[in-house]
Amino acid sequence: MCNKIQSKCLTSTLFGLAAVLLLTVAPARALTPVTACGQTLDVPGGKYILTVDLDCSGTLANGINITASSVFFHLAGHTISSTDCDPSKGIGGIVVSGGISGVRIDGGTVRGFNDGVVLYSSSSRMSGMTVTNACVFGIAVSGQNNRVDTSVVTLSGLDGIGIGAASGTYIVSNDISGNARVGVDISNFSNNNFVMNNIINSNGILDGEQGGVAIFNGTNNLVANNALNNNFNGIEIESPGNLVRGNTVNGSHTGIFITTVGSPSTVKYNTVLGSITDMSDDTCGVNTWRNNTFQTDLVAGVSDGGPGTGCIR
């Protein structure tokens, strides 16, 4: 009974509860420091933190390797960099192996290397990163159900984000700008991927081809609600069975186009203005164009009459 010495009884009770909790709740795993180029993060479920900037130039090797599932790697505002560029070798800033899952990467910068980040696992996520000046790909994604979000991917020597042999990939809410060929490239039999709510600007200008988003090979991919400005081309569909919906495209050579090998595909509810040609279709009548806002269009290289006429609507 706690009557005459209520406060002492309450204090004793709280201390008793605290002791029970200490005995029954496992302590949180400490963050393991990452301090050297070439370090391998190989403890399943391990939590790692980058504690210094790393300059890996001259090593011709990966910056950091992740080889275990459920690893969390926080860069804590630091940078991993390398001036090495040799496409004959595998040189990545952060390389996540295939055959693992549940990896998380966030909070820092990768500069240079052949590929900035290589994400070949499944059900993994990269967020809040800056990936810049990669020699080839800013981010290379393969595997199933991976996600790249809230990141900046810029100044890659080829493509900003390359999705290859992948499915269920989400590329969401990123700034993907100034990459030499394509902002987001979908290829190598990549199906059921999602490119949504991104800012995609000034891609393809250096090479004078491709541009914002290009679907080279894959079906059932969705490109939706992106803002694409001043890319060489806006959105290019070269594989059948894909959907482009609700995007805003400005200032391109061609805003949205479907090639012969990209048919049949669907383009609807997009706003495409200020391009030399807003919309283009190589095979009129095979594809679905609905509820788009535009001014100029071509079918097989000949004017389709603009809004309200022809097969592009």
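## Strand β11 and its neighbours

The bridge partner of V118 in β14 is A140. This pairing belongs to a predicted model. Strands β11 and β14 run in the parallel sense and are joined over 3 bridges. β11 also pairs with β8, again in parallel, through 4 bridges. In that second pairing, I94 has V117 of β11 as its bridge partner.

How many residues of strand β11 are buried? The strand, which spans residues 115-119, is mostly covered, with 5 of its 5 residues buried. In a regular strand, side chains point alternately to one face of the sheet and the other.

## Disulfide C37 to C56

A search of the whole structure finds 3 disulfides. Such a link is a covalent bond between the sulfur atoms of two cysteines. One of the 3 disulfides joins C37 to C56, with an S to S distance of 2.1 Å. C37 sits in the loop between β1 (32-34) and β2 (39-41), and C56 in the loop between β4 (54-55) and β5 (64-66); the bond therefore ties together parts that are 19 residues apart in sequence.

Which hand does this disulfide have? The torsion about the S-S bond of C37 and C56 is about -90°, so the disulfide is left-handed. The two cysteines fall into separate accessibility classes: C37 is partly exposed, at a relative accessible area of 32%, whereas C56 is buried, at 0%. The value for C56 places this residue in the buried class because that class covers anything under 20% relative accessible area.

## Disulfide C85 to C135

C85 and C135 also form a disulfide, and their sulfur atoms lie 1.7 Å apart. Where do the two cysteines lie relative to the strands? C85 is found in the loop between β7 (79-82) and β8 (92-96), while C135 is in the loop between β13 (130-132) and β14 (139-144), so this bond connects parts that are 50 residues apart in sequence.

The loop of C85 thus leads to β8, a strand that pairs with β11. The loop of C135 leads to β14, which also pairs with β11. As for accessibility, C85 is partly exposed with a relative accessible area of 43%, and C135 counts as partly exposed at 24%.

## Disulfide C284 to C311

A further disulfide is formed by C284 and C311, whose sulfur atoms are 2.2 Å apart. C284 occupies the loop between β32 (277-281) and β33 (288-290), and C311 the segment after β35 (302-303), so the pair ties together parts that are 27 residues apart in sequence.

Is C311 buried or exposed? C311 is buried, with a relative accessible area of 15%. C284, by contrast, counts as partly exposed at 40% relative accessibility.

## An aromatic pair

The count of aromatic pairs comes to 1. The rings of Y170 and F194 have their centres 4.4 Å apart and their planes at 15°, so the pair is stacked. This assignment follows because planes under 30 degrees apart count as stacked.

The pair links distant parts of the chain: Y170 belongs to strand β18 (residues 170-172) and F194 to strand β21 (residues 194-196), 24 residues apart. Y170 is partly exposed, with a relative accessible area of 30%, and F194 counts as partly exposed at 23%.

Key. Residues numbered from 1 in each chain as written. Predicted model: local features only at pLDDT ≥ 70, side-chain atom pairs only at ≥ 80, totals over all residues. Heavy atoms only, no water. Disulfide = S-S within 2.5 Å. Buried < 20%, exposed > 50% of the residue type's maximum accessible area, 1.4 Å probe, protein only. Pairing = 2+ DSSP bridges. Phe/Tyr/Trp six-rings, centres within 6.5 Å; stacked < 30°, edge-to-face > 60°.
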